[in-house]
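Colleague: Please take one part of this chain and go through it closely. I would like the strands and how they pair, followed by a word on a pocket.

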Amino acid sequence: MFKRKSLITIIAVAGIGAAVTACGGGRSSDTAAATTAANADTSLSGSIVIDGSSTVAPLATLAAENFQVQAPNVSVTVGTSGTGGGFAKFCNEETDVSSASRAIKPEEQAECDAKGVKFVELIVGNDGIALITNKENTWATCITTAELATMWAPDSEATTWQDINSAWPAEELKLFGPGTDSGTFDFFTKSINGEEGASRTDFSPTEDDNVTIKGVEGEKGGLGYLGLSYYEQNPDKLSLLQVDSGSGCVAPSTTTVQDATYTPLSRPLYMYFSEQATQRPEVRAFIDYYVANEASLTKEALFVPLADQQLATAKTTAAGLAG
Amino acid sequence: MNGPTRTASKHAAKAVEHSLAGRRHRSVTATIFLGYLLFSTFFGLIALTVLLFTIFRDGLPFLDSTLFANGPSAHPALAGARPAIIASIMIAIVLVATTLPIAIATAVYLEEFAQKERFWIRLIELNIQNLAAIPSIIFGILGLAFLVRGLGLGPVLLAGALILGLQMLPTVIIAAREALRAVPDSVRQGGMALGATRLQVVWREVLPAAIPGIATGSILGLSRAIGETAPLLMVGAATFVSFNPELLTQYTVLPIMIYQWIKLPQADFQGLAAAAIIILLAILITMNGFAIWMRNRFERKW
């Protein structure tokens, strides 16, 4: 009986082994992945510990990955404890860099002060949420935040566009949005419904923004929200809604996200570097690398790049660390 | 004249009918019950088959050498799980080297040497049983407060491994005690009668006889620890690690890697996550295979 059991195990292991050798090549090719390390700087060594916001994580991970091609002896790690969890570790001197989807709060600042942790703040990118509608939607061009709140409230009973605004037709409302794991979901629910995670649940959630795009593309009464950069990859297929938060309609664009006139659905993203860390050459090299490559990094991570003013500030901050 | 007889026979007939109906009823219940038992038996099997089928269907095309050779990457074409695989195996080794000796020694002491009526022995036993019922995230908090911050170990692989070790300790102790208890007393008495000391009896007779049971329990504990995510996230395992982890460096493990990939929007990462699950399964099956081999090797009949 036991012999038979071990036989089964052997068969199972052999099956997996055979499968490993038999299959392969499921990845779609990715030309952007070609990385060269021609100008690699091997003189830098050490490690950089980044932790914090899961929204900023794709950007931090990308920066870490590409930086390590330039400086192969530096090991960069990225954690995703969340913005608040990241600051708790940062102020406890456990991490070098804290990434955040909002500025540090006074109480977090106080915690850092109590531990004697000083830091420099760097805005590393901008995040904007675009509201998209079907091309055939001719009635809605601008939506107020109050209407958005009616549409997305946890107890919302709106089923047609008319329920939102009586001037709009009784076209059925089909809602699309990101899954609840997404930073975009947290940000949207907080900005529109006042509480992170507060949202009606009868919409089509997806972690794949392309599904949102396809869904809205196929439904006349469709409405979805996603990162602005995703929309910008498919501008012809969809219409963009302007948002009115009380001071007129503003269309989301790189400019209005950068200067924060597109409220409340735009925000800057931050990284905080502890002063202890910036004493180390590898951390300063990382900052320099980031500032120099900010445009391509934010673009690849599907965020909105820094405004000229923001970039100038970042450059000044980076230059100020050199000494 | 035959009135009462007829009534009696009628009663009798009714009673027979009743009991027949009852028996029929019972047999229906029995059939339903048997069906339920069969359903329960196959339920787990069906769930496992569906699970394995989906994972292999999604993961096999992504199971290539890149997955073993590369670190994580934002590009699906380059992404691999090498640091996570190495860390998971290293954690297993640390657990075998640290937790198993402590757990087995504890079990041997409690079963073979301790005077069970002493109140502090009973206190220890009670605590071990309670420890086995504590949710893993609580161990994570303990690890963060005690190992990472208290001892100043930092968020390193060793801290993660030790906290997983602490978590699996009660499981292994309990399994090892059961295995020791299953060794017949006649073995001990026979050894003693031949003039062996207690230590000799335990070391040469009882412990070898208990190895199959101890191995099974240990592997169960170990397998659970390798698949654990929550306490490691608590003690500061990172999510992006591209270098080979060492005992005192940052690390990430396969379950965390899988969780990260599943969350990413690109479809290729879902496939990579499934492929990483296959690797995790392979590691677990290899460990289980080893336990079964141990059991067969040392199995004895009394």
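Modeller: What follows goes through two sets of paired strands and then one pocket.

The model is predicted, so how far to trust it comes before the details. For chain A the mean pLDDT is 86, and 88% of the residues reach 70 or more. Residues 18-24 of chain A are another matter, with pLDDT below 50. That stretch has 8 contacts in the model beyond near neighbours in sequence. Where pLDDT is low, the predicted coordinates should not be read in detail.

Start with strand S1 of chain A, residues 46-52. This strand is mostly covered, since 5 of its 7 residues are buried, and buried here means under 20% relative accessible area. S1(A) pairs with two strands named here. One is strand S2 of chain A, residues 74-78, which runs parallel to S1(A) and is joined to it by 5 bridges. To find this pairing in the structure, look at Ile48(A), whose bridge partner in S2(A) is Val76(A). Helix H2 of chain A, residues 57-70, belongs to the same picture: S1(A), H2(A) and S2(A) make a right-handed β-α-β unit.

The other partner is strand S3 of chain A, residues 97-100. S3(A) and S1(A) are also parallel, with 3 bridges between them. Here the residue to look for is Gly52(A), which has Ser99(A) as its bridge partner in S3(A).

Now move to strand S8 of chain A, residues 222-227, where 6 of 6 residues are buried. S8(A) pairs with strand S4 of chain A, residues 119-133, in the antiparallel sense, and 5 bridges join the two. Within that pairing, Thr133(A) has Leu223(A) of S8(A) as its bridge partner. S8(A) also pairs with strand S6 of chain A, residues 174-178, this time in the parallel sense and over 3 bridges. Lys174(A) can serve as the marker for this pairing, with Gly222(A) as its bridge partner in S8(A).

Last comes the pocket. The second largest pocket holds about 530 Å³ of space. Its lining has 23 residues, and the closest to the centre are Thr83(A), Ser101(A), Asp186(A), Glu196(A) and Arg267(A). Three elements of chain A give two or more residues to the lining: helix H3 (83-91), helix H7 (183-193) and strand S12 (266-274). H7(A) gives the most, with 5 residues.

Methods. Residues are numbered from 1 along each chain as its sequence is written. Chains are lettered from A and ligands numbered from 1 in the order in which they are written. This is a predicted model: local features need pLDDT of at least 70, side-chain atom pairs count only at pLDDT 80 or more; totals for chains, interfaces and linings use all residues. Side-chain values use heavy atoms; hydrogens and water are left out. pLDDT is the predictor's confidence in each residue, from 0 to 100. Contact means heavy atoms within 4.5 Å. Buried means under 20% relative accessible area, exposed over 50%, partly exposed in between (1.4 Å probe, protein chains only). Helices (H or I, at least four residues) and strands (E, at least two) are DSSP runs, numbered from the N terminus. Two strands pair if DSSP finds at least two bridges between them. A crossover is right-handed if, with the strands pointing away from the viewer, the path from the first strand over the helix to the second runs clockwise. On a 1 Å grid over the protein atoms alone, a cavity is a set of points where a 1.4 Å probe fits but cannot get out, and a pocket is an open set with protein on both sides within 12 Å along at least five of seven lines; lining residues have an atom within 4 Å of a point. Grid points are joined across faces, edges and corners, and a volume is the space filled by probe spheres set on the points.
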